[in-house]
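Good morning, colleagues. I should like to take you through the strand pairing, the salt bridges and the chain interface of the structure on the screen.

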There are 2 protein chains.
Amino acid sequence: METRRYVLASRPTGRPTPDDFDLERVDLPDPGRGEVVVRTVYLSVDPYMRGRMRDRASYAEPWAVGEPLRGGVVGEVVDSHADAFDEGDVVTGNLQWADYAVAEASDLTGVDPDLAPISTALGVLGMPGRTAYFGVTEVLEPRPGDTVVVSGAAGAVGSVAGQLAAMAGAHVVGFAGSDEKVAFLDEIGYDAGINYEATDDYRTAIDEATGGAGVDRYFDNVGGPITDAVFGRLNVDARVGVCGQIALYNAEDRPVGPRKLSTLLESRATVEGFLYGDFAPRFADATRRLGRWVEAGDLQYRETVTEGLASAPEAFLGLFDGENVGKQLVRVGPEP
Amino acid sequence: METRRYVLASRPTGRPTPDDFDLERVDLPDPGRGEVVVRTVYLSVDPYMRGRMRDRASYAEPWAVGEPLRGGVVGEVVDSHADAFDEGDVVTGNLQWADYAVAEASDLTGVDPDLAPISTALGVLGMPGRTAYFGVTEVLEPRPGDTVVVSGAAGAVGSVAGQLAAMAGAHVVGFAGSDEKVAFLDEIGYDAGINYEATDDYRTAIDEATGGAGVDRYFDNVGGPITDAVFGRLNVDARVGVCGQIALYNAEDRPVGPRKLSTLLESRATVEGFLYGDFAPRFADATRRLGRWVEAGDLQYRETVTEGLASAPEAFLGLFDGENVGKQLVRVGPEP
């Protein structure tokens with residue numbers, strides 16, 4: 001059985017280009033005992049993957065040139081040699097950017113198609129949704145009346161983070177990169193949205209959006225000048241959760257900016273980096289809660305979907321241009 | 001009764017110069033009911049005072065041009081119109097840079113000359129010692145076996161912070177600016193000292209001083225390139241306490257440096273600014289503990305003393321050249 005799959009053709013310098021991705025055809029190995037063959041339905045592309053294209057140890061292992069790319073997949077079991085799954089079952093796991101993959105059943109999780117659309121296992125009910133959940137509930141811990149700012153607010157993580165902060169009684173302000181995205185923020189319950197492409201004066205924009213109340217909690221997906229501005233507006237005992245720094249991921253030279261630690265003396269703020277994987281023991285609990293809110297209509301989500309495996313590089317690159325509203329997915333094959 | 005006192009002659013741009021300070025002679029007002037006249041014995045100069053010379057609200061109020069400078073003073077009550085103090089008592093408080101000052105008794109604290117040299121009320125048993133105490137015990141909370149790095153390690157705060165971290169069972173590494181200071185670090189119980197004037201490769205120096213163990217806790221008095229290097233060596237769940245950023249206080253332009261928030265994703269570190277004043281309800285407890293350690297010989301301290309009120313600007317300016325080992329004081333008059 002043959003499959004197409006993407007490999008890393010070359011390590012990108014600066015912003016990746018389509019030439020950094022090669023689509024190759026290979027024969028799928030025969031599944032062994034305990035393994036299944038998964039037909040990819042949805043493939044997730046995520047900003048953190050840029051780090052894996054670098055030749056540098058980080059929290060995620062670097063990919064080798066010539067090796068297959070991997071990411072979150074939702075797919076259908078089309079051949080099972082494992083007790084855990086039958087043919088026709090929908091599963092999710094970290095698999096290759098491919099039409100088909102052979103996987104250990106123990107590396108997969110079942111997806112219930114009756115609970116929610118299966119694509120949500122890669123978004124609001126998957127890694128991005130859980131990242132937002134842990135960032136808000138464990139790192140930021142917003143209190144009623146707090147002003148919470150979210151950067152990358154219309155993205156897969158930010159859109160959930162803002163809604164969770166609003167549930168906690170906060171006044172929530174989001175930074176996003178277009179009027180369309182700001183309208184989406186309004187729709188999902190943000191109190192205010194700032195189109196950062198329409199202004200250079202982020203501090204004044206924050207003052208207007210918060211009514212001068214300053215910032216008590218900041219969920220940072222972006223870094224760079226937006227984050228600089230928020231640091232200039234932190235209230236006493238503010239908390240900053242650093243979830244991502246997408247504005248910097250493609251930088252060729254070491255990014256520089258104003259030194260901001262002095263602002264922490266005035267604000268006595270706490271800045272904390274957090275990683276999704278550290279919360280693994282509580283993934284199931286997070287998914288259960290998120291699922292209930294989605295079912296009840298209390299948690300909105302949106303997906304931006306490109307069609308076909310061959311669109312995966314373009315979908316990935318679009319993340320850095322902010323082309324996605326909500327979760328960016330690639331539909332590789334039809335839903336079962 | 002006449003006194004000399006320093007006023008802010010002009011707002012410094014960049015590094016202050018002696019011309020920014022004017023020594024004037026004025027008549028002391030007559031002390032009212034509840035007030036005392038204090039003869040200054042020691043005057044403290046501290047890095048945070050640079051912030052008060054700026055025309056910009058911060059955690060300490062800016063000084064107006066033409067107004068007297070103020071700082072920590074230990075002095076002798078020479079005329080008392082208050083029940084709390086008799087003539088001859090030694091007191092400490094935040095007073096003018098002057099030979100004499102009239103003060104409300106309620107703004108002063110008594111100093112026991114039998115407990116320790118009275119100068120220590122401005123150093124190891126005063127604001128700097130307590131700052132170190134709260135930074136280590138409340139912000140960093142080092143555990144036995146942790147690697148703790150202190151910048152500005154030989155200064156009034158850093159020298160105490162390192163010793164407290166060592167008491168907590170940590171392996172303590174200090175950055176200081178001369179071989180003399182590194183020898184002082186060795187003397188007071190630091191496990192390793194790095195003379196940052198003798199190397200540009202701070203990361204390798206950290207690796208050598210920690211045996212490659214990385215950094216679990218960082219007490220930052222300095223900021224700038226030393227702090228950049230430490231951020232590159234933070235272990236998972238490291239904590240950074242931001243106490244001061246003296247390397248940046250004289251910057252004319254907005255200081256820039258590498259953007260470091262991405263390193264917090266890998267380390268999941270927490271960075272927290274803290275301010276001495278926030279711990280006011282526990283000052284007495286901190287002083288009691290520090291006093292016991294000093295008395296028992298478990299806590300060492302050193303003072304660098306210039307002579308005469310007229311040396312105060314020079315003593316203050318020397319802080320930014322790292323001329324002080326331990327606490328920088330000005331002896332304004334003889335001890336009682």
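Two strands are taken to pair if DSSP finds at least two bridges between them. Please bear in mind throughout that this is a predicted model.

Let me begin with chain A. Strand β11(A), residues 215-220, and strand β12(A), residues 234-242, run parallel and are joined by 5 bridges. Since the pairing rule asks for at least two bridges, these strands qualify with their 5. Within this pairing, R217(A) has R239(A) of β12(A) as its bridge partner. What connects the two strands in space is also worth noting: β11(A), helix α6(A) with residues 225-231, and β12(A) form a β-α-β unit that is right-handed.

On to the next neighbour of β12(A). Strand β14(A), residues 270-273, is parallel to β12(A), and 4 bridges hold the pairing. Here V240(A) is the residue standing opposite V271(A) of β14(A). As a general remark, side chains in a regular strand alternate between the two faces of the sheet.

I turn now to the salt bridges. How many does the rule find over all chains? The count is 36. Let me show three of them in chain B.

The first example pairs R4(B) with D99(B), whose closest N and O atoms are 2.8 Å apart. R4(B) belongs to strand β1(B), residues 2-8, while D99(B) sits in the loop between β5 (90-96) and β6 (100-104) of chain B, so this salt bridge ties together parts that lie 95 residues apart in sequence. Are these two partners buried or exposed? R4(B) is partly exposed, because its relative accessibility is 23%, whereas D99(B), with a relative accessible area of 13%, is buried. The cut-off behind that reading is that buried means under 20%.

The second example is D46(B) with K327(B), at 2.7 Å between the closest N and O atoms. D46(B) is found in the loop between β3 (35-44) and α1 (49-52) of chain B, and K327(B) in strand β16(B), residues 327-331; the pair therefore ties together parts 281 residues apart in sequence. D46(B) is buried, at 6% relative accessible area, and K327(B) is buried as well, at 4%.

The third example joins R233(B) to D207(B), again described by its closest N and O atoms, which are 2.7 Å apart. This pair links distant parts of the chain, 26 residues apart: R233(B) lies in the loop between α6 (225-231) and β12 (234-242) of chain B, and D207(B) in helix α5(B), residues 202-210. Both residues are partly exposed, R233(B) at 23% relative accessible area and D207(B) at 27%.

Finally, the interface. Contacts involve 38 residues of chain B and 38 residues of chain A. Together the two chains bury about 3000 Å², with 55% of that area on carbon and sulfur atoms. The rule finds 12 residue pairs in polar contact across this interface. On the side of chain B that touches chain A, at least two residues come from each of α6, β13 (256-258), α7 (261-267) and β14 (270-273) of chain B. Which of these elements gives the most? The answer is α7(B), with 5 residues.

Salt bridges also cross between the chains, and the rule finds 6 of them there. I would point out R268(B) with D278(A), whose closest N and O atoms are 2.6 Å apart.

Thank you for your attention.

Terms used:
Residues are numbered from 1 along each chain as its sequence is written. Chains are lettered from A and ligands numbered from 1 in the order in which they are written. This is a predicted model: local features need pLDDT of at least 70, side-chain atom pairs count only at pLDDT 80 or more; totals for chains, interfaces and linings use all residues. Side-chain values use heavy atoms; hydrogens and water are left out. A salt bridge is a side-chain nitrogen of Lys or Arg within 4 Å of a carboxyl oxygen of Asp or Glu. Buried means under 20% relative accessible area, exposed over 50%, partly exposed in between (1.4 Å probe, protein chains only). A crossover is right-handed if, with the strands pointing away from the viewer, the path from the first strand over the helix to the second runs clockwise. Contact means heavy atoms within 4.5 Å. Buried area is the accessible area (1.4 Å probe) that two parts lose on being put together, summed over both. A polar contact is a pair of N or O atoms within 3.5 Å; within protein, one must be able to donate a hydrogen and the other to accept it, and residues adjacent in sequence count only if both atoms are side-chain atoms.
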